[in-house]
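Open the structure in your viewer and keep the selection tool at hand. Here is a friendly walk through it, one stop at a time.

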Amino acid sequence: MRTLEYIVPVEYDNRKVLHFLKGSVGLSSRLIRALKMQENGIMKNGSHTRTVDIIKVGDKITINIPDDSKNENFSVGDSTCLTRAGVEILYEDADVLVVNKPALMPIHQSHNHQGDTLADLVISYLNTESSGAIFRAVGRLDKGTSGIVVCGKNAFSANKLQGNIYKTYFALPSGSYSGTGTIEAPIYRPDPLKTFRNVDERGDYALTRYEALKTGENVSLVRVNIETGRTHQIRVHFAYLGTPLIGDTMYGTEDPRISHQSLHCGIAEFEQPYTGVLIKVEAKIPEDMERIILSELS
């Protein structure tokens with residue numbers, strides 16, 4: 001059981017417990033429903049309270065979150081299933097697991113992928129230390145994109161991390177870039193049955209920022225941060241500029257040097273969900289991208 005305590009600030013005076021839990025604490029409706037089902041899941045000044053009850057400034061709100069594991073004391077499980085598949089554990093504590101996903105590994109199960117996904121491997125790993133583990137990836141990476149995937153190890157952690165992870169990507173667009181730049185163009189899905197996207201005024205707002213780290217005639221190494229999280233955003237935006245990522249067969253052409261789009265999530269920064277401590281995790285650029293960098297940009 002994890003217990004968190006909060007003091008009601010003046011802006012929530014004379015409002016409902018529900019408003020405080022959603023607004024100030026940042027809990028999802030789903031987690032709040034689960035806490036309501038838990039004995040003493042939500043308490044006010046040491047006594048059980050309902051989400052419709054009114055709170056006053058200075059009230060102490062306590063939430064008791066059930067732990068997913070058999071034992072609340074954190075211990076590292078057997079990572080053999082991950083390492084054999086090429087998945088590296090970059091960071092782990094009692095609430096968060098961060099891994100480095102190989103490019104060609106899908107995250108979730110699909111018709112063509114059963115038992116070989118990151119979800120399968122993480123669940124297998126977590127089940128060595130807990131019962132009934134659930135895969136809670138916060139955000140996603142396309143198949144073909146390598147790098148950091150952050151997973152919440154319990155419902156509260158996943159909820160607090162959602163939308164609060166700052167990621168940095170590294171990409172190899174097929175053109176010459178220098179300095180810094182911004183790509184601001186809406187992304188649209190023309191066929192709802194296909195994953196393909198393009199830039200179209202009917203699409204959703206999307207903003208990508210980049211900085212050129214190394215520049216060549218036909219390829220550049222760029223650091224990329226996205227202000228919006230649209231599907232295929234980085235890939236679509238660089239293709240829109242006429243410089244699709246090296247190896248991206250959906251938005252560009254095949255390249256014999258690499259079997260997937262040259263896109264890697266290399267840095268993730270977030271606050272530990274319970275303590276608020278800032279955590280920064282890094283994953284090295286994979287060897288196939290590094291070979292192109294060394295041959296074209298050294």
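A salt bridge here is a side-chain nitrogen of Lys or Arg within 4 Å of a carboxyl oxygen of Asp or Glu. Keep that cut-off in mind for several of the stops below, and remember throughout that you are looking at a predicted model.

**Stop 1: a strand-to-strand pair**

Select Arg223 and Glu211 and show their side chains. The two form a salt bridge, and their closest N and O atoms are 3.5 Å apart. This pair links distant parts of the chain: Arg223 sits in strand 16 (residues 220–226) and Glu211 in strand 15 (residues 207–215), 12 residues apart. Arg223 is partly exposed at 27% relative accessibility, and Glu211 is partly exposed too, with a relative accessible area of 33%.

**Stop 2: the whole protein**

Now zoom out and switch to a cartoon view. You should find seven helices and 18 strands. Along the principal axes, the C-alpha atoms fill a box of roughly 65 × 45 × 35 Å. Of the 298 residues, 47% are buried. Among contacts with a separation of 6 or more, 63% are between residues 24 or more positions apart.

Turn on a surface next. The accessible surface comes to about 15,000 Å², and carbon and sulfur atoms account for 47% of it. If you colour by charge, there are 33 positive and 36 negative side chains to pick out, with the centres of the two sets 6 Å apart.

**Stop 3: more salt bridges**

How many salt bridges does a search of the whole structure find? The count is 12. Select Arg235 and Asp248 for another of these pairs, whose closest N and O atoms are 2.8 Å apart. Here too the partners come from distant parts of the chain: Arg235 belongs to helix 6 (residues 233–240), while Asp248 is in the loop between helix 6 and strand 17 (263–271), 13 residues away. Are Arg235 and Asp248 buried or exposed? Both are buried.

Add Arg140 and Asp142 to the selection. Together with Arg235 and Asp248, Arg140 and Asp142 are linked in a network of salt bridges.

Then move to Arg50 and Asp53, a salt-bridged pair with closest N and O atoms 2.8 Å apart. Asp53 is buried, at a relative accessible area of 17%.

**Stop 4: a buried lysine**

Select Lys167, which lies in strand 11 (residues 166–171). Lys167 is buried yet has no salt bridge. Which side chain of opposite charge is nearest to Lys167? That is Asp142, 10 Å away, so Lys167 falls outside the 4 Å cut-off for a salt bridge.

Show what surrounds Lys167. Leaving aside neighbours within four places in sequence, Lys167 is in contact with Val138, Arg140, Ile148, Val224, Asn225, Cys265 and Ile267. You have already met Arg140, as a member of the salt-bridge network.

**Stop 5: two cysteines**

Cys265, one of the contacts of Lys167, is a good place to go next. Does the search for disulfides leave us with some or none? The count is zero. Cys151 is in no disulfide, and the nearest cysteine sulfur, that of Cys265, is 12 Å away. Cys265 likewise is in no disulfide. Cys151 is buried, with a relative accessible area of 3%, and Cys265 is buried at 0%.

**Stop 6: a covered helix**

Select helix 4 (residues 118–126), which is mostly covered, with seven of its nine residues buried. Which residues of helix 4 are the buried ones? They are Leu118, Ala119, Asp120, Leu121, Val122, Tyr125 and Leu126. To see what covers them, show helix 3 (80–84), strand 7 (88–92), strand 8 (96–101) and strand 10 (146–152), which are among the covering elements.

**Stop 7: two loop asparagines**

Finish with the backbone. Select Asn14, in the loop between strand 1 (2–7) and strand 2 (15–16). Its phi is near 65°, a positive value in a residue other than glycine, and Asn14 is partly exposed at 49% relative accessibility.

Then select Asn45, in the loop between strand 3 (42–44) and strand 4 (47–48). Phi of Asn45 is near 55°, again a positive value in a residue other than glycine. With 46% relative accessibility, Asn45 counts as partly exposed.

Notes: Residues numbered from 1 in each chain as written. Predicted model: local features only at pLDDT ≥ 70, side-chain atom pairs only at ≥ 80, totals over all residues. Heavy atoms only, no water. Helix = DSSP H or I, 4+ residues; strand = E, 2+ residues; numbered from the N terminus. Buried < 20%, exposed > 50% of the residue type's maximum accessible area, 1.4 Å probe, protein only. Contact = heavy atoms within 4.5 Å. Areas by Shrake-Rupley, 256 points an atom, 1.4 Å probe, with all protein chains shown as cover. Lys, Arg positive; Asp, Glu negative; His and termini not counted. Charge placed at Lys NZ, Arg CZ, Asp CG, Glu CD. Disulfide = S-S within 2.5 Å.
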